[in-house]
Structure formats: structure tokens, C-alpha cells
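Biologist: Thanks for sitting down with me. Could you take me through the reasoning behind the labels on this one?

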Amino acid sequence: KSLANAKGRETEDIAGKIVAIHQATRGTVSANQSIQATINDVQLSAQRIRDAMDAQAQTVTSITAAVDE
């Protein structure tokens, strides 16, 4: 009986550890998704900045060309 009780406690302990691992894994996946969303936002912002810089360069070129005429 003692051995059966010990085995039951060990089984419960293992089950508890498995649940904790599953919860930690879900937390990690959620954090990774959040990080990926942030990276996507930064990439979009960087593209907008590049586009604005290109537009500004074109404007400066047009102004310079108009002044030179």
C-alpha cells in the first residue's frame, strides 16, 4: 500500500510538472508573438521613414533644379 501511495504521489507530481511546462510554453509562445508584432511595427515605421526621406530628397532636388533655372 505504501508503494502504491508513493507511486500515486509521484504520478501527481509529474502531472503537475507537465501542467507547469505547458503553461510556461504558452507564455513563451505569447511573448514571441508579441515580440514579432513589435518587430513588424518597427519595420513598418522604418519603411515609412525611408519613404518620407525619399520624398524629401525628391523635393530638394526639384527645388534645386528650379533655382538653377
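Modeller: Gladly! This is a predicted model, and in it the side chains of Asp13 and Lys17 meet in a salt bridge, at 3.3 Å from N to O.

Biologist: What makes the contact of Asp13 and Lys17 a salt bridge?

Modeller: The label needs a side-chain nitrogen of Lys or Arg within 4 Å of a carboxyl oxygen of Asp or Glu. Asp13 and Lys17 have an N to O distance of 3.3 Å, so the pair meets that cut-off. The structure holds 1 salt bridge.

Biologist: Where do Asp13 and Lys17 sit in the helix?

Modeller: Both belong to helix H1, residues 2-68, and because they are 4 residues apart there, about one helical turn separates them. The chain comes to 1 helix and 0 strands.

Biologist: Why is the chain called more spread out than a compact globule?

Modeller: The globule rule gives 11 Å for 69 residues, but the radius of gyration is 30 Å, well over that value, so the description follows. The C-alpha trace spans about 100 × 10 × 5 Å along its principal axes.

Biologist: Why is Asp13 called partly exposed?

Modeller: Buried means under 20% relative accessible area and exposed means over 50%. Asp13 has 42%, so Asp13 falls in between. Across the 69 residues of the chain, buried ones make up 0%.

Biologist: What supplies the exposed area of the chain?

Modeller: Carbon and sulfur atoms supply 60% of the roughly 6100 Å². As for charge, the mean positions of the 7 positive and 8 negative charges are 27 Å apart.

Methods:
Residues numbered from 1 in each chain as written. Predicted model: local features only at pLDDT ≥ 70, side-chain atom pairs only at ≥ 80, totals over all residues. Heavy atoms only, no water. Helix = DSSP H or I, 4+ residues; strand = E, 2+ residues; numbered from the N terminus. Rg over C-alpha atoms; globule rule 2.2 N^0.38 Å. Buried < 20%, exposed > 50% of the residue type's maximum accessible area, 1.4 Å probe, protein only. Areas by Shrake-Rupley, 256 points an atom, 1.4 Å probe, with all protein chains shown as cover. Lys, Arg positive; Asp, Glu negative; His and termini not counted. Charge placed at Lys NZ, Arg CZ, Asp CG, Glu CD.
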